[in-house]
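Colleague: Before I plan anything around this model, could you take me closely through one part of it, the way the helices pack against one another, and add whatever bears on that packing?

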Amino acid sequence: MADASATRHGPGRILIAVYGLFALSATGRAAVQLATQFSDAPIAYLLSAVAAVIYCAATFALAKATIVSRQVATVAIIIELIGVIGIGAFSYAVPGDFPDATVWSHFGQGYGYVPLVLPVLGLLWLRRTARS
């Protein structure tokens, strides 16, 4: 059986810190965009808010480190990966719907592609700590 608390030790601390940073930045960005510019790009700004919720869920689930929270983290990170790939592709296919960048548009280009790499690292960490 996996040691649920393993997600918050060693490299997991860095992963949680990066997720926390993305949770804060995505939440702040989405809040400002929704409050001040919603009519400019509603799809993009709503997707920023969805990304913020996903990052918050992953952060808290990884930090809580219980068996249930590991499952929540896994689901959140899978949704994040699907989101960044789907929104990344969609933002290139229909650029008119993304006049302003979101955390997942263009596969996270505005964030140094960290949004594309982060869920892969998160899933690998969850897999590695499941064997602990």
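**Helix packing, seen closely**

Modeller: R127 is exposed, with a relative accessible area of 55%, and this residue of helix α4 (residues 114–130) makes a convenient outside point from which to enter what is, please keep in mind, a predicted model. The C-alpha atom of R127 is separated by 9.8 Å from that of T7, although the two positions lie 120 residues apart along the chain.

The helix that carries R127 packs against α3, and the axes of α3 and α4 come within 9 Å while crossing at roughly 150°. Since angles over 145 degrees count as roughly antiparallel, α3 and α4 are therefore described as roughly antiparallel to each other, and their crossing is left-handed. On the α3 side the contact includes R70, A73, I77, E80 and L81, and these belong to a set that meets residues of α4 including P115, L118, V120, L123 and L126. Sorted by class, the contact of α3 with α4 comprises 14 nonpolar, three polar and two charged residues.

The other pairing to look at is that of helix α1 (residues 11–37) with helix α2 (residues 42–64), which pack at an angle of about 155° with their axes 8 Å apart. That angle makes α1 roughly antiparallel to α2, and α1 passes α2 in a left-handed crossing. Among the residues that α1 brings to this contact are L15, I16, Y19, F22, A26 and Q33, while α2 contributes, among others, Y45, L46, A52, Y55, C56 and L62. The residues of this contact divide into 17 nonpolar, six polar and no charged.

Within that contact, Q33 deserves a closer look, being a residue of helix α1 that counts as buried at 4% relative accessibility. Leaving aside residues up to four places away in sequence, Q33 touches F38, Y45, S48, D100 and A101.

Aromatic rings also belong to this picture, for the count of aromatic pairs in the model comes to six. In one of them, the rings of Y19 and Y55 have their centres 6.0 Å apart and their planes at 50°, so the pair is tilted. Because Y19 lies in helix α1 and Y55 in helix α2, the pair ties together parts that are 36 residues apart in sequence, and both Y19 and Y55 are buried. Ring pairs also link these two tyrosines with F22, W104 and Y111 into a cluster.

Two loop residues complete the account, and both concern the backbone angle phi. Most residues other than glycine have a negative phi. A65, however, has a phi near 60°, a positive value in a residue other than glycine; A65 is found in the loop between α2 and α3 (67–93), where the residue is buried, with a relative accessible area of 7%. Y113 likewise has a positive phi of about 60° although it is not a glycine, and Y113 is found in the loop between α3 and α4. At 36% relative accessibility, Y113 counts as partly exposed, whereas A65 is buried.

Key: Residues numbered from 1 in each chain as written. Predicted model: local features only at pLDDT ≥ 70, side-chain atom pairs only at ≥ 80, totals over all residues. Heavy atoms only, no water. Axes fitted to C-alpha atoms, helices over the stretch in contact; angles between N-to-C directions. Helix = DSSP H or I, 4+ residues; strand = E, 2+ residues; numbered from the N terminus. Parallel < 35°, antiparallel > 145°, perpendicular 65-115°, else oblique. Left-handed = near helix turned anticlockwise from the far one by under 90°. Contact = heavy atoms within 4.5 Å. Nonpolar A, V, L, I, M, F, W, Y, C, P; charged D, E, K, R; others polar. Phe/Tyr/Trp six-rings, centres within 6.5 Å; stacked < 30°, edge-to-face > 60°. Buried < 20%, exposed > 50% of the residue type's maximum accessible area, 1.4 Å probe, protein only.
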